[in-house]
Amino acid sequence: NREIHLASRPQGWPTADNFRLVTTEVPTPGPGQLVVRNRFMSVDPYMRGRMNDVKSYVPPFALDAPLDGGAVGEVVASEAEGFAPGDIVLHGLGWREYALVDAKGARTVDPDLAPVTAYLGVLGMTGLTAYAGLLDVAAMKPGETVFVSGAAGAVGSMVGQIAKLRGAARVIGSAGSPAKVERLRALGFDAAFDYHDGPVRDQLRAAAPDGIDVYFDNVGGEHLEAAIGAMKLHGRAAICGMIAQYNATEPPAAPRNLALLIGKRLTLRGFLVGDHGHLREQFVQEMAGWLRDGRISYDETVVDGIENAPEAFLGLLRGENIGKMLVRV
Ligand code: NDP
């Protein structure tokens with residue numbers, strides 16, 4: 001069994017040296033446990049925060065121990081009722097080939113209903129984040145104009161498409177490369193721009209001359225400042241992530257225009273997907289329908305091999321993914 005340990009805590013940008021590939025025995029299950037041969041694991045931006053030794057909404061990763069995170073795999077041994085070898089399960093112990101999972105931390109998924117990777121992305125955590133953030137937190141209504149940053153990523157690409165399907169008048173996305181911008185247009189975004197091509201404020205104004213009603217923030221910093229500037233009266237923002245500052249060693253310079261919240265009566269609301277589990281059923285129903293009808297598309301970037309999981313994670317932070325970043329274990 002090969003697994004990836006956190007060897008040291010990154011300062012600023014992580015490097016390969018912060019990780020270590022370790023070989024251990026394949027575990028055997030105790031009562032109430034399963035052993036899962038992982039097939040795919042997720043790498044996610046929030047993992048960067050867990051590499052710091054700070055108190056947050058999830059505890060930090062321990063040093064010299066395997067990292068963890070969303071994974072799907074096949075049960076190879078079970079001492080738990082309701083799970084049998086051959087079952088495909090979703091659980092939280094990625095970053096290793098074989099996981100010893102408590103049954104209460106595993107959920108059986110149906111590989112005939114959707115490809116197993118979908119349970120880590122479009123039908124899983126990132127899909128629900130987009131759905132809950134847009135429709136619940138920002139309470140988007142038909143006819144509104146929506147701007148989403150990080151738009152070619154796992155969450156952002158869903159936000160833009162869900163907005164269109166739920167009746168947004170105009171959807172604008174920003175992303176980090178010409179290929180991503182092209183992809184956004186193909187996904188049905190009304191406008192898209194590369195944030196390297198000029199100030200976000202100017203590019204957003206050109207794309208949404210009448211302003212925006214809703215901003216879905218995956219990036220923070222300059223993007224958030226530009227969105228606040230572009231928001232109409234009573235505009236709302238779902239603050240989902242601020243990836244522009246996850247590796248920063250200095251506090252961000254922007255946004256500098258928070259005083260606009262007053263006159264424009266804006267609402268900026270942070271949220272965690274974990275608080276929106278009550279929407280899961282409704283989300284899966286609606287998303288499965290859109291997928292079945294071919295009304296939503298999703299991209300995946302797959303890196304092969306557990307030994308390359310650190311590189312996949314670093315690639316995610318550098319923007320090398322289109323759609324959900326995954327590792328085939
Ligand atoms: P993505 O698939 O969007 O991957 C991350 C992307 O971030 C990269 O592809 C890159 O794309 C972009 N990025 C990296 N650095 C910068 C930067 N400096 N400026 C602008 N863009 C940057 O990841 P997810 O969809 O999984 O996550 C998106 C956001 O949602 C993250 O901020 C994450 O923390 C947050 N999140 C929050 C949750 C919650 O419960 N609140 C749950 C899940 C995710 P590019 O080429 O465009 O730069």
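## The sheet

In this predicted model, 6 strands come together as an open sheet with parallel pairing, and their order is β10-β9-β8-β11-β12-β13. The edge positions are held by β10 (191–194) and β13 (267–270), each of which has a single partner strand, so one side of each is left without a neighbour in the sheet. From one strand to the next, the twist averages 15°.

Strands of a sheet pair through backbone hydrogen bonds, either parallel or antiparallel. Here, strand β11 (residues 212–217) and strand β12 (residues 231–239) pair in the parallel sense over 5 bridges, and D217 stands opposite I239 in β12. Helix α3 (residues 154–165) packs on this sheet, where it touches β8 (145–148), β9 (170–175) and β11, and the direction of α3 makes about 170° with that of β9.

## Two crossing helices

The axes of helix α2 (residues 125–137) and helix α8 (residues 280–292) come within 10 Å and cross at roughly 100°, and α2 and α8 are therefore roughly perpendicular to each other. On the α2 side the contact is made by G127, L128 and Y131, while α8 contributes R280, F283 and M287. Sorted by class, the residues of this contact of α2 with α8 are 4 nonpolar, 1 polar and 1 charged.

## The two domains

The chain is divided into domain 1, which covers 2–120 + 299–328, and domain 2, which covers 125–274. Taken over C-alpha atoms, the centres of domain 1 and domain 2 are separated by 29 Å. The contact takes 15 residues from domain 1 and 15 residues from domain 2, and on the side of domain 1 that touches domain 2 the residues divide into 5 nonpolar, 7 polar and 3 charged.

Terms used: Residues are numbered from 1 along each chain as its sequence is written. This is a predicted model: local features need pLDDT of at least 70, side-chain atom pairs count only at pLDDT 80 or more; totals for chains, interfaces and linings use all residues. Axes are lines fitted to C-alpha atoms, for helices over the stretch in contact, and angles run from 0 to 180 degrees between N-to-C directions. Helices (H or I, at least four residues) and strands (E, at least two) are DSSP runs, numbered from the N terminus. Angles under 35 degrees count as roughly parallel, over 145 as roughly antiparallel, 65 to 115 as roughly perpendicular and the rest as oblique. Two residues are in contact if their C-beta atoms, placed from the backbone, lie within 7 Å. Ala, Val, Leu, Ile, Met, Phe, Trp, Tyr, Cys and Pro count as nonpolar, Asp, Glu, Lys and Arg as charged, and the others, Gly among them, as polar. Domain bounds come from an automatic or database domain assignment. Two strands pair if DSSP finds at least two bridges between them.
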